[in-house]
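Hi everyone, thanks for coming. Let me put the sequence and the structure up, and then we can walk through them together.

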Amino acid sequence: MKNSKVILAIVVGLVIAGSVIAWLMLGGEKPTNVNLGKGVSAQLNASLKDSVIKREKDGKPLWEFTVGNVINDRQRNVAILEGIKGKLYRKDGSYIDVSAEKGEAALNKNDFSLEGKVVAILNSGGEFYADKISWKQQGDKIIAVGHVKLIKDAYTATADEAYSTSTFQQVKLKGNAKVTKGGE
């Protein structure tokens, strides 16, 4: 009986030491509770540095981001992203290069949002800039908020908010909206 208590104490000590080492190596801000089984639980951080995250559907890529930091927030069911550069792949074979300071990607959907100096450039022509851009994959909807600027063909549009698709063809502007052609 005494030996089993000593062994249990050693196992619990190793689990706690391993948890502390994992926390120190992974870094981050908010720990996540992890149940290790048999009544033992620990707090481990779910943060990764310099990672690539991507989403596919039916074997085809939807988007792929290289991020400086990603934190898995299980309570909100999102990945919190920092230092984002990546691509959004469209059904027609074109793609959009994106960059942003930070953002979030839903863990159970294909939706995401980017914030802070967001730049989105369509390889077949078109540029989108905003403080925040959200992509809703269902219906191919883009919602841009704050210092919005859209350049497509000879036109430049600015507004407080914009609603579009990933082709940047159909755009609805809201608040301080202005559209100019060429240098006009």
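Let's begin at leucine 81. If we skip residues up to four places away in sequence, leucine 81 touches Ile53, Phe65, Val67, Asn69, Val70, Glu101, Lys102, Gly103, Glu104 and Ala105. A contact here means heavy atoms within 4.5 Å.

Before going on, a word on where this comes from. What you see is a predicted model, where local features need pLDDT of at least 70 and side-chain atom pairs count only at pLDDT 80 or more, while totals for chains, interfaces and linings use all residues. Residues are numbered from 1 along each chain as its sequence is written, and side-chain values use heavy atoms, with hydrogens and water left out.

Back to leucine 81, which is among the residues with the most contacts inside the largest nonpolar core, along with Phe65, Leu114, Phe128 and Trp135. That core has 30 residues. By nonpolar core I mean a set of buried Ala, Val, Leu, Ile, Met, Phe, Trp, Tyr and Cys residues joined through side-chain atoms within 4.5 Å. Buried means under 20% relative accessible area, exposed means over 50%, and partly exposed is in between, using a 1.4 Å probe and protein chains only. Over the whole protein chain, 33% of the 184 residues are buried.

How many helices and strands are there in the protein chain? There are one helix and twelve strands, and the helix comes before the strands when you read from the N terminus. Helices (H or I, at least four residues) and strands (E, at least two) are DSSP runs, numbered from the N terminus.

Now look at valine 119 in strand E7. Valine 119 is partly exposed, with a relative accessible area of 22%. Beyond four places in sequence, its contacts are Asp97, Val98, Ser99, Phe128 and Tyr129. Valine 119 and alanine 130 are eleven residues apart in sequence, and their C-alpha atoms are 7.1 Å apart.

Further along, lysine 178 sits in strand E12, residues 178-181. Is lysine 178 buried or exposed? Lysine 178 is exposed, at 51% relative accessible area. Its C-alpha atom is 5.3 Å from that of threonine 158, although the two are 20 residues apart along the chain. Leaving out neighbours within four places, lysine 178 is in contact with Thr156, Ala157, Thr158 and Leu173.

Two residues have backbone angles worth pointing at. Aspartate 58 is not a glycine, yet has a positive phi of about 55 degrees. You will find aspartate 58 in the loop between strand E3 (47-57) and E4, and this residue is exposed, at 74%. Histidine 147, in strand E9, has a positive phi too, near 50 degrees. Histidine 147 is exposed as well, with a relative accessible area of 66%.

Last stop, the largest pocket. Which residues are closest to its centre? They are Leu62, Tyr89, Arg90, Lys91 and Gln137, out of 20 lining residues. E4 gives the most to this lining, with three residues. A pocket, on a 1 Å grid over the protein atoms alone, is an open set of points where a 1.4 Å probe fits, with protein on both sides within 12 Å along at least five of seven lines; lining residues have an atom within 4 Å of a point.

Thanks for listening!
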